[in-house]
Amino acid sequence: MNREVVILLFPILAAFMIPAGTIISQKFGRLLSPLAYVAGIIYCLLLMPMIMVRSRSVIIGNWLPPFGINLFFSPLTLGLVLFIFLLALFILLFDLRNTESKKGQYYLLFNLLVTASAGLILTGDLFNIFVFLEIAGIASFSMIAAGRSSAGGLSAEYSKSAEYSKSAQSPQGAQSPQGALKYLIQAQLTTLLMLGGIALLYSATGVLNIAFLSSFEALKSSFAFLTLLLILLPIFLESKLFPFNSWVGGAYQGAEPSLAAALSGIAGTAAALVLARLTLTMMGSSSAFAAASEKIRVLLLLLGAASILIGEGAAFREKNLKKVLAYSSIGQMGMVVVGISIANTDAVRGALFLLLSHGAAKVLLFLTAGFFINKAGTPFWKDMKGLARRMPLAGAFFIIGAMALMGIPLLSGFWAKLELIRGAVTAGGLAGVAVAAILLATILEGVYFMRIGHSLFEEGGITDEGGVLKEDKIRYNAAYLIPCLALALSLIAAGLFPDLINTWLSSAAHELLNSQTDYTGLILKVGGGL
Amino acid sequence: METMLFILSAFSLILTGLFGVLTRKNLVKILLSLNILETGINLLVVSLGYFKGGKAPILTNSVSAAQGINFVDPLPQALVLTSIVIGLSTTALALTLILKHFRSHQAVEFVKLEVNE
Amino acid sequence: MEAAIIVLGLIMLAGAISVLFQKSLKNAIITFGIVSLISALMFTLMKAYDVAITEASIGALLTIALFFWALKRLEEDGYNEKK
Amino acid sequence: MKRNEPLINLFGLILIILLAVLVYLALTDSGQGLTMLSADLEQRVSYSYLLKNVTAAGQTENQHGQAEVILGREDYENGAVNIVTAIVTDYRMLDTFGEILVLFAASAGVGLLMVERKRGKAKEASEIVKTAVPIIILFTLITGFYIISHGHLTPGGGFPGGAVIASAFILQFLAFQKSSRNKVFKILESLAGIGLLAMGLIGLYLEGSLFANFLPNGSLGATISAAGIMIIYALIGIKVAAELSSISADFIGE
């Protein structure tokens, strides 16, 4: 029985039930979706002991690879699916109380986004990656464009206030379709080119399965480089790598905080894993792409280092709190990409650790930022003076998330960056550039998060003007507290006891770096071969 | 030779579409260029499965006795079926976004938005 | 066969280029429809009948219809091509 | 912001020519190794689809020791004569399922985002249209069902068939300006989707993997054969028709 595959079906079933369900009640989607993830998480935990012992290639339709499509369940993939399901549950819990008017279709699309991300993590087939990328893309464009205003998730008071009508008159008030359109055009362009690359690769080898492709005889150097570049383009875009990240600002500004959290935490994690799967498992130890893999690695390293600096630099200058977080995402994903491109055990362990740490911290930060924006009625952090004084717990969450991103000792980001830098130093050579970029980025992050934190805890400020923040408005609700508390505690726990996920990290890095024994071998043994 | 001609015409469409996406500023034109690019990619994918003298991949009495050698490759065709439907979905969504964009900015071009404040 | 491919390919290329440079959106959409239909013809030449049917019904017909409905709505909202 | 059109065009042209040259060089490189089109049909996975010997069940050999497929023989892999259909609905069903999710997402997205129509109702259709349209709709529907139900034998199947059925509904919108059927479409969307999942799960329960074919294949080439594929294509057709109709209804407006 290949019953591991059921894990993908929980969110799909929820999505399928929503169109009919919304006829009964508009709340149907909002209430049903969290249940799907609770079920999914329980199922994940049930599978975990078995998968930790032995990875499994799960087939669809009883056709063995390379003839059919396979999903690969290993500690790495199942762990990441569990991670994104947890993040999805937290985000939905946050939405449960903090949004009044989201339609049923929004939750349908959210479920499809999570499904596609989980599918991207699990699948072992190139064309399947293309299909899942398209699902994730269409779901995210729609949800971004559905954002209610540029600030996203603003309170009712603010939308009536003078400041809002001023900004609504300037084009900024309704800019969400523009951000989504830019994202759509770029994403569509690159995914179409990816399809061309996949077809070229198929015409050279006759298979679409990643494991089979990697064990093929050698491709011509220039041909391999061309197809790999075409195939990697949309993944560069999704992981916000340097020349492909011009959509980030507009899209994240348009998105509501909970959606921004999902894009950064869930879709970003999936994109990074696909990048690792293609560049490490498919190109890594294989003969097929041997001629081009070195060039691609150098390209990745340089682009990663560039996006670290550009992302953190943009975040440094930004005044809109959500965009600060979005730009810092570019930098953090750059670090993950650098770790993947260096491809030694330490660097890959660091990259995976950073991926988890960044995902959790970003969701925490976006949810808290949404909370702040909602209370303060403004998207700009300079106008939030003294907000954290009135709400010390939320302020503490923000500081914990920011410190985890920076890599302050005793928080998860520290160990991640440490291992990453250790790996880069071991590799030597060009990786030195990456070390410099990471260190510089850490300083930049420190400065801008310090400024924001200082502003949040400053005396006076927002409470004095206009009375926007009434006494009864600062009460927390459980929908905000439970997810954020869980995320903050897990960041601290991973920082204090990094050994907790050591076993997982080791086996995950081992799988990515030793594809012959841990990935390709398993699938080839099950599949018949040509 | 025939395959090469098919591939060549596919590439010419792909490059035209790419040119359009890069240089047009009317959003509807950009979307049309993307559709041209998509048509080109679809042609490329199918032409990579074309073999000269190949038959349509449908088993009939006259061909099933032979060993199935002179068929064209059915797999790229299946992939293109998927790609066409995906193209329609994106086009529909993009047009909806363009309509929404026009409502808020009275323009079918990207407008330069004022930076914060 | 070769001649047919060359002629169809050239017509498609000319159509595609004229889509980009036409002033009127309506004409551009119609030209794109023609390009799409010729590509369906190309698919039949490549013995991809399934693809040809799908391209004709979904890729050409429905896509063009969507473009026209959207253009009509744009005009209702005050979009003017001559401006 | 002023744009210099000719300059941008020239720049784009140079860039495109550069790209074309680079791609040409990459594809015609004289180095060692595999390159575009270096896999013949025999070396591709499709060869086994065409011979229906992926699992070697029901396969026969002729006197030369080569695999042979005979029309009318029972219980070949999935019973579909049209190999493209066999790939779409069986060998690579997960892709098709994903494709349905894409269309599903697009229809939800269009429904979520479509702006209200400003102008009032369009003018009534004339009497002639009102009498002619139901007849046309009937024929369109019959064609659609034919295309869907013969997907395993002839070109066509769930997607074009669904589009044809949707075009019947579009005609109906255009002629009578009614889109009150939206609720029906939503329920159909949900039911067809859940039906597809149920097909997959029954396959998982009975045959041990998601979307495995658990129904008899019938004899190759018969009208009623390839039972699993027929049911899957029917469900896909319903779902596609419902989604395309609701997208169109959103575009046409009230």
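**Reading chain D and its contact with chain A**

Modeller: In chain D, 67% of the contacts with a separation of 6 or more are between residues 24 or more positions apart. Keep in mind that this is a predicted model.

Biologist: Which helices and strands does chain D have, and in what pattern do they follow along the sequence?

Modeller: Chain D has eight helices and two strands. Read along the sequence, the pattern is α-α-β-β-α-α-α-α-α-α.

Biologist: How many residues of chain D count as buried, as a percentage?

Modeller: Of its 254 residues, 53% count as buried. The accessible surface of chain D is about 11100 Å², and carbon and sulfur atoms account for 65% of that surface.

Biologist: Which residues form a nonpolar patch on the surface?

Modeller: The patch consists of D:Leu13, D:Ile17, D:Val21, D:Leu22, D:Tyr24 and D:Leu25. Together they have about 610 Å² of accessible area.

Biologist: Take D:Val21 from that patch. Where does D:Val21 lie in chain D, and why is D:Val21 called partly exposed?

Modeller: D:Val21 lies in helix H1 of chain D, which covers residues 5-27. D:Val21 is called partly exposed because its relative accessible area is 44%, and that label covers values between the buried limit of 20% and the exposed limit of 50%.

Biologist: Now the interface. What is the area buried between chain D and chain A?

Modeller: The general idea comes first. Interface size is often stated as the accessible area that is lost when the parts come together. Here, the area buried between chain D and chain A is about 5200 Å², with 72% of it from carbon and sulfur atoms. D:Leu34, D:Leu94 and D:Leu112 supply 14% of the area that chain D buries against chain A, more than any other three residues.

Biologist: How many residues does the contact take from each chain?

Modeller: The contact takes 60 residues from chain D and 57 residues from chain A.

Biologist: How many salt bridges and how many residue pairs in polar contact are found across this interface?

Modeller: The rule finds one salt bridge between the two chains. The side chains of D:Arg92 and A:Asp125 meet in a salt bridge, at 2.6 Å from N to O. For polar contact, 22 residue pairs are found across the interface, both residues at pLDDT 80 or more.

Biologist: Which elements of chain D give two or more residues to the side that touches chain A?

Modeller: They are H1, helix H2 (46-51), helix H3 (83-91), helix H4 (93-113) and helix H7 (182-207) of chain D. H4(D) gives the most to that side, with 15 residues.

Definitions and conventions:
Residues are numbered from 1 along each chain as its sequence is written. Chains are lettered from A and ligands numbered from 1 in the order in which they are written. This is a predicted model: local features need pLDDT of at least 70, side-chain atom pairs count only at pLDDT 80 or more; totals for chains, interfaces and linings use all residues. Side-chain values use heavy atoms; hydrogens and water are left out. Patches are made of residues with over 30% relative accessible area and no salt bridge: like charges are joined within 9 Å, nonpolar side chains (Val, Leu, Ile, Met, Phe, Trp, Tyr) within 5 Å. Accessible areas come from the Shrake-Rupley method with a 1.4 Å probe; for residues, only the protein chains shown count as cover. A salt bridge is a side-chain nitrogen of Lys or Arg within 4 Å of a carboxyl oxygen of Asp or Glu. Helices (H or I, at least four residues) and strands (E, at least two) are DSSP runs, numbered from the N terminus. Buried means under 20% relative accessible area, exposed over 50%, partly exposed in between (1.4 Å probe, protein chains only). Contact means heavy atoms within 4.5 Å. Buried area is the accessible area (1.4 Å probe) that two parts lose on being put together, summed over both. A polar contact is a pair of N or O atoms within 3.5 Å; within protein, one must be able to donate a hydrogen and the other to accept it, and residues adjacent in sequence count only if both atoms are side-chain atoms.
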